[in-house]
Amino acid sequence: MKKENKIWFWSISILVLVLLTWIVINAANPNSNGSTVVTDQEWSKGSPDALVTLIEYSDFQCPACATYYQMINKLADEMGDEVLVIYRHYPLASIHPQAELAAQAAEAAGQQGAFWDMHDKLFEEQHAWSNQSDAKDIFIGYAEELNLDIAKFKSDIANSDIKDAVKDDRKSGDKALIEGTPTLFLNGEKINNPRSYDKLRQAVKDELSKIQ
Amino acid sequence: MTNLDKPLKTSSQKYNKLIYIFTAISLLGFLDAIYLTTSHYTGHITCSVISGCQEVLVSQYSEIFGIPLALLGAAYYLFILINSLLYIDNQNKYSKLVLSYIPIFGFLFSIYLIYLMFFVIEALCQYCLLSAGTSTLLFILGIILIKKK
């Protein structure tokens, strides 16, 4: 190669490499600041007067969500005065065929004041129902274990308002540009999924000290 | 003259093609590894169409002495990429040696990682499989390069 050509060759190579690397890093780490407005009709835990709100978009059939729910429950138990935890459905129906039905089951249980009980049950028993082609009977079984009114539960799970409630959550998640589950928002700001409970608690504490 | 010239030309042309394939594959491997490294640090790949990556990327096997394997993979692919570019530039024999033999280690390491994914972590991550694919291709290209000597 001539000297002049060499300079061109290396400059273009390096430029292309840096550009592609930058594109890939951005694709892997989208920074959306989807503002997340909390309404009265949310499934929440902790104090409504808390300074920090943690919104979780989750999918009952997602294995990672089943790992995170324990962390988030623990957070609500330990820091319930300082943080309000909100659960929103984001069922990834294309890869989790039972996820929408599971969300409807939780909503239906919610009609009888047992949303969080059903939420815990669904995550605890995820492996038992996630490979079923139709998990409805299993969910009815959980409703029985939770002493719910089964006739009401059965009609609620297929109710169009319940289905819409799940769809609305999903839409709000799309608006917030979330790409997978679980996705966490701390006071409206999307955070990287903490790798441990301690890191989650630290993120909440950092947010608290920012405000106070 | 023509008889002597022709085979020489074609062999060097083939050689060139091989180097360009090296460049393309190592670039693909590098970008894939960068994607995995970013995902490792942000914990972003959870349950999406690429399910399974979360389990693999945050498993205890995803780091060696606190360095993510994905980052080591990126360094490996970058090394191969730079050597392919150097070879295109000045045909030096050291780069050729690197391109011939280093992918063997990359390939062996990939086999170990595939073993971990299938039998130890029991979760599959498409991006990690892609990396195994690119390192296998580099290995095959390296063998071709050795045979051509």
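**Exercise 1. Contacts along chain A**

Task: In this predicted model, find what share of the contacts in chain A with a separation of 6 or more comes from residues 24 or more positions apart. Then set out the elements and burial of the chain.

Solution.
Step 1. Take the contacts in chain A with a separation of 6 or more; residues 24 or more positions apart account for 78% of them.
Step 2. Assign the secondary structure. Chain A has 9 helices and 5 strands.
Step 3. Read the elements along the sequence. The pattern is α-β-β-α-β-α-α-α-α-α-α-β-β-α.
Step 4. Turn to burial. Of the 212 residues in chain A, 38% are buried.

**Exercise 2. One residue in helix α9**

Task: Place R201(A) in its element, and state which residues it touches beyond four places in sequence. Is R201(A) buried, exposed or partly exposed?

Solution.
Step 1. Find the element. R201(A) belongs to helix α9 of chain A, residues 197–211.
Step 2. List the contacts. Leaving out residues up to four places away in sequence, R201(A) touches L75(A) and M79(A).
Step 3. Check a distance. I72(A) is 129 residues from R201(A) in sequence, yet their C-alpha atoms are 9.3 Å apart in space.
Step 4. Count neighbours. R201(A) has 17 other C-beta atoms within 10 Å, so R201(A) is partly exposed. The cut-offs are 20 or more for buried and 12 or fewer for exposed.

**Exercise 3. Helices α3 and α4 of chain A**

Task: Describe how α3(A) and α4(A) pack, and name the residues that meet.

Solution.
Step 1. Choose the two quantities. Packed helices are described by the angle between their axes and the distance between the axes.
Step 2. Read them off. Helix α3(A), residues 99–110, and helix α4(A), residues 115–124, pack at about 150 degrees with axes 7 Å apart.
Step 3. Classify the angle. α3(A) is therefore roughly antiparallel to α4(A). The cut-off for that class is over 145 degrees.
Step 4. Assign the hand. α3(A) and α4(A) cross in a right-handed sense.
Step 5. Name the contact residues. From α3(A) come A102(A), A105(A), A106(A), A109(A) and G110(A). They meet F115(A), D117(A), M118(A), H119(A) and L122(A) of α4(A).
Step 6. Sort them by class. The contact of α3(A) with α4(A) has 7 nonpolar, 2 polar and 1 charged residues.

**Exercise 4. Helices α6 and α7 of chain A**

Task: Repeat the analysis for α6(A) and α7(A), then examine N147(A) in the loop between them.

Solution.
Step 1. Take the geometry. The axes of α6(A), residues 136–145, and α7(A), residues 150–157, come within 10 Å and cross at roughly 140 degrees.
Step 2. Classify. This angle makes α6(A) oblique to α7(A).
Step 3. Assign the hand. The crossing of α6(A) with α7(A) is right-handed.
Step 4. Name the contact residues. α6(A) supplies I140(A), A143(A) and E144(A), and α7(A) supplies I150(A), F153(A) and K154(A).
Step 5. Sort by class. The contact of α6(A) with α7(A) has 4 nonpolar, no polar and 2 charged residues.
Step 6. Enter the loop. N147(A) sits between α6 and α7 of chain A. Its phi is near 60 degrees, a positive value in a residue other than glycine.
Step 7. Judge exposure. N147(A) has 10 C-beta neighbours inside 10 Å, so N147(A) counts as exposed.

**Exercise 5. Backbone checks around β4**

Task: Which residues does the cis peptide bond join, and what is the phi of N187(A)?

Solution.
Step 1. Recall the background. Most residues other than glycine have a negative phi, and most peptide bonds are trans.
Step 2. Locate the cis bond. T181(A) and P182(A) are joined by a cis peptide bond, with omega about -10 degrees.
Step 3. Place P182(A). P182(A) lies in the loop between α8 (160–175) and β4 (183–186) of chain A.
Step 4. Read phi. N187(A) has a positive phi of about 45 degrees and is not a glycine. N187(A) is in the loop between β4 and β5 of chain A.
Step 5. Judge exposure. With 17 other C-beta atoms within 10 Å, N187(A) is partly exposed.

**Exercise 6. Confidence**

Task: Report the confidence of chains A and B, and say where in chain B the pLDDT is below 50.

Solution.
Step 1. Start with chain A. Its mean pLDDT is 88, and 94% of the residues score at least 70. Among its elements, strand β5(A), residues 189–191, has the lowest mean (85) and α4(A) the highest (95).
Step 2. Take chain B. Its mean is 81, with 78% of the residues at 70 or above. Among its elements, helix α2(B), residues 53–57, is lowest (65) and helix α3(B), residues 69–90, highest (93).
Step 3. Find the stretch. Residues 1–11 of chain B have pLDDT below 50, and the stretch has 0 contacts beyond near neighbours in sequence.
Step 4. Add the overall scores. The model has ipTM 0.75 and pTM 0.60.

Key. Residues are numbered from 1 along each chain as its sequence is written. Chains are lettered from A and ligands numbered from 1 in the order in which they are written. This is a predicted model: local features need pLDDT of at least 70, side-chain atom pairs count only at pLDDT 80 or more; totals for chains, interfaces and linings use all residues. Axes are lines fitted to C-alpha atoms, for helices over the stretch in contact, and angles run from 0 to 180 degrees between N-to-C directions. Helices (H or I, at least four residues) and strands (E, at least two) are DSSP runs, numbered from the N terminus. Angles under 35 degrees count as roughly parallel, over 145 as roughly antiparallel, 65 to 115 as roughly perpendicular and the rest as oblique. A crossing is left-handed if the near helix is turned anticlockwise from the far one by less than a right angle, and right-handed if clockwise. Two residues are in contact if their C-beta atoms, placed from the backbone, lie within 7 Å. Ala, Val, Leu, Ile, Met, Phe, Trp, Tyr, Cys and Pro count as nonpolar, Asp, Glu, Lys and Arg as charged, and the others, Gly among them, as polar. pLDDT is the predictor's confidence in each residue, from 0 to 100.
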